Amino acid sequence: SQVSLEEESQNPLAVGHWKPLMPSKGDKEEPETGCQDAGGVDEPQSTEQLNVSRLRSSSVEIREKGSEFLRDELHKAQKELKLKDKECERLSKVREQLEQELEELTASLFEEAHKMVREANTKQAAAEKQLREARGKIDMLQAEVTALKTLVITSTPSSPNRELHPQLQSPSKAGFRKGHGRNKSTSSAMVSAASQNVAPEPVSRECKEVDSILFAEFQAWKESPTLDKSCSFLDRIYREDVGPCLDFTKQELSELVRVAVEQNTLTIEPVASHTVPVGKVAAEEYGGPKKCALSGLPRTCKHRIMLGDSGNYYYISPSCRARITAVCNFFTYIRYIQQGLVRQDVELMYWEVMRLRREMSLAKLGFYPSDM
């Protein structure tokens with residue numbers, strides 16, 4: 001109102017307007033109205049303060065409830081984490097147990113497999129040993145059959161074998177001979193026929209004397225028989241008999257033959273005239289019915305040899321066959337001694353070894369029976 005009065009005092013009064021100099025009643029009551037307005041302003045302020053305090057209390061309450069809710073959620077989450085940790089620990093234990101069982105199962109399987117392999121190797125070794133023994137027995141039987149054939153063939157009417165015909169021996173010797181006797185009439189007839197056809201020949205007796213060095217070497221070997229050629233007994237025989245007897249013109253094949261004889265894997269068999277060599281190598285290297293594979297000389301070959309299970313046959317001449325057979329007979333006999341199959345006096349075994357050495361010596365010099 002004062003502002004309006006000042007504006008009016010500054011502006012000139014318009015004509016026809018008047019301004020009262022004294023305030024009217026309405027003007028006097030204005031201060032009271034102002035007082036009333038002032039009182040009215042204090043009441044909203046207190047209301048606002050009350051509202052603010054209420055808002056503050058409610059916000060504090062909400063904050064407390066929110067923190068309590070969060071604490072509950074945190075507690076629940078911690079419980080769930082603990083459960084998860086326990087579950088993880090249980091699963092890890094189960095995993096470790098499964099891994100341990102798997103390792104034990106793998107180890108047992110490997111052990112079982114190794115055991116089966118060992119058993120198979122043992123059975124294979126036993127089977128191979130039986131096969132070698134069977135082949136040795138076959139060789140021995142073949143040698144005995146050959147010896148019997150030789151005895152039978154060498155006994156002819158012109159030169160009878162006195163071992164096969166005991167009636168030709170002296171009465172003292174015939175009386176002590178074991179075996180079946182012949183009919184007297186037949187024996188007398190044969191004696192008379194022999195006396196008519198065969199002139200009496202002086203019986204030549206062979207004198208023998210034991211060599212002390214050779215006998216000592218044989219006795220030392222007999223104490224612990226072995227096929228190792230490093231011992232003095234076999235070393236001497238290898239140098240003096242086996243080596244020269246199996247030394248043929250074809251050196252490479254000779255070495256293979258020597259190894260096959262030592263391992264008892266050599267096979268000798270007769271062949272027909274129309275048999276052809278088998279194998280991938282040229283026929284000249286295997287020899288043929290008219291060519292010896294060991295000497296390389298043109299000879300009539302009635303036998304062939306096979307080394308082990310190679311399937312390759314080599315044609316050999318009668319002289320080469322005699323040399324190989326002599327060595328095979330020697331090895332067969334010493335194998336029998338090693339296996340304990342020969343039950344004789346040491347001196348008798350020694351003389352049998354010397355006889356076999358003599359056969360090797362004669363064979364390497366080119367002497368062989370006519371039936372070879």
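The exercises below work through a predicted model of one protein chain, each with a solution in steps.

**Exercise 1. Find how many helices and strands the protein chain has, and in which order they run.**

Step 1. The protein chain holds 11 helices and three strands.

Step 2. Read from the N terminus on, the elements follow the pattern α-α-α-α-α-α-α-α-β-α-β-β-α-α.

Step 3. For the contacts between residues at least 6 apart in sequence, 64% join residues at least 24 apart, while 23% of the 372 residues in the protein chain count as buried.

**Exercise 2. Decide where the confidence of the model is lowest and where it is highest.**

Step 1. Begin with the overall picture, in which the protein chain has an average pLDDT of 77, and 69% of the residues reach a score of at least 70.

Step 2. Among the elements, helix α5 (residues 184-197) has the lowest confidence with a mean of 36, whereas helix α7 (residues 232-245) has the highest, at 95.

Step 3. Two stretches deserve a separate look: over residues 23-38 pLDDT stays under 50, and the model has two contacts beyond four places in sequence for them; over residues 164-203 pLDDT also stays under 50, and here the model has 25 such contacts.

Step 4. Where pLDDT is low, the predicted coordinates should not be read in detail.

**Exercise 3. Work out the order of the strands in the open sheet, and how they pair.**

Step 1. The three strands of the open sheet are arranged in the order β1-β2-β3, and their pairing is antiparallel.

Step 2. Because β1 (266-270) and β3 (313-316) each have a single partner strand, they stand at the edges, and one side of each is left without a neighbour in the sheet.

Step 3. On average, and with direction ignored, neighbouring strands of this sheet are turned by 30 degrees against each other.

Step 4. Five bridges join β1 to β2 (residues 303-307); among the bridge partners, I268 is matched with I305 of β2, and E269 with R304 of β2.

Step 5. On the other side of the pairing, β2 and β3 are joined in the antiparallel sense over four bridges, with I305 standing opposite Y314 in β3.

Step 6. Five residues lie between the strands in the hairpin of β2 and β3, where G308 takes a positive phi near 65 degrees.

**Exercise 4. Establish which residues cover the two faces of β2, and whether they are buried or exposed.**

Step 1. In a regular strand the side chains alternate between the two faces of the sheet.

Step 2. In β2, H303, I305 and L307 are on one side and R304 and M306 on the other, and all of these are buried, so that both faces are covered.

Step 3. The count agrees, since five of the five residues of β2 are buried.

Step 4. Helix α8 (residues 251-262) lies across β1, β2 and β3, and runs at about 75 degrees to β2.

**Exercise 5. Identify the residues that touch the most other members of the largest nonpolar core, and the element that gives the most to this core.**

Step 1. The largest nonpolar core has 48 residues, of which V257, L294, I324 and F330 touch the most other members.

Step 2. Two or more residues of this core come from each of α6 (212-223), α7, α8, β2, β3, α10 (318-338) and α11 (346-364).

Step 3. The element that gives the most to this core is α10, with 11 residues.

Step 4. Take I324 as an example: once neighbours within four places in sequence are left aside, this residue is in contact with L246, F248, V257, V261, L266, I268, L294, I305 and I316.

**Exercise 6. Explain why H303, R321 and N264 count as buried, and describe the setting of each residue.**

Step 1. The cut-off needed here is a relative accessible area under 20%.

Step 2. H303, in strand β2, is buried because its relative accessible area is 13%.

Step 3. R321, in helix α10, is buried because its relative accessible area is 12%.

Step 4. The side chains of H303 and R321 are joined by a polar contact of 3.5 Å.

Step 5. N264, in the loop between α8 and β1, counts as buried because its relative accessibility is 7%.

Step 6. The phi of N264 is near 60 degrees, which is a positive value in a residue other than glycine.

Technical notes:
Residues are numbered from 1 along each chain as its sequence is written. This is a predicted model: local features need pLDDT of at least 70, side-chain atom pairs count only at pLDDT 80 or more; totals for chains, interfaces and linings use all residues. Side-chain values use heavy atoms; hydrogens and water are left out. Two strands pair if DSSP finds at least two bridges between them. Axes are lines fitted to C-alpha atoms, for helices over the stretch in contact, and angles run from 0 to 180 degrees between N-to-C directions. Contact means heavy atoms within 4.5 Å. pLDDT is the predictor's confidence in each residue, from 0 to 100. A nonpolar core is a set of buried Ala, Val, Leu, Ile, Met, Phe, Trp, Tyr and Cys residues joined through side-chain atoms within 4.5 Å. Buried means under 20% relative accessible area, exposed over 50%, partly exposed in between (1.4 Å probe, protein chains only). A polar contact is a pair of N or O atoms within 3.5 Å; within protein, one must be able to donate a hydrogen and the other to accept it, and residues adjacent in sequence count only if both atoms are side-chain atoms.
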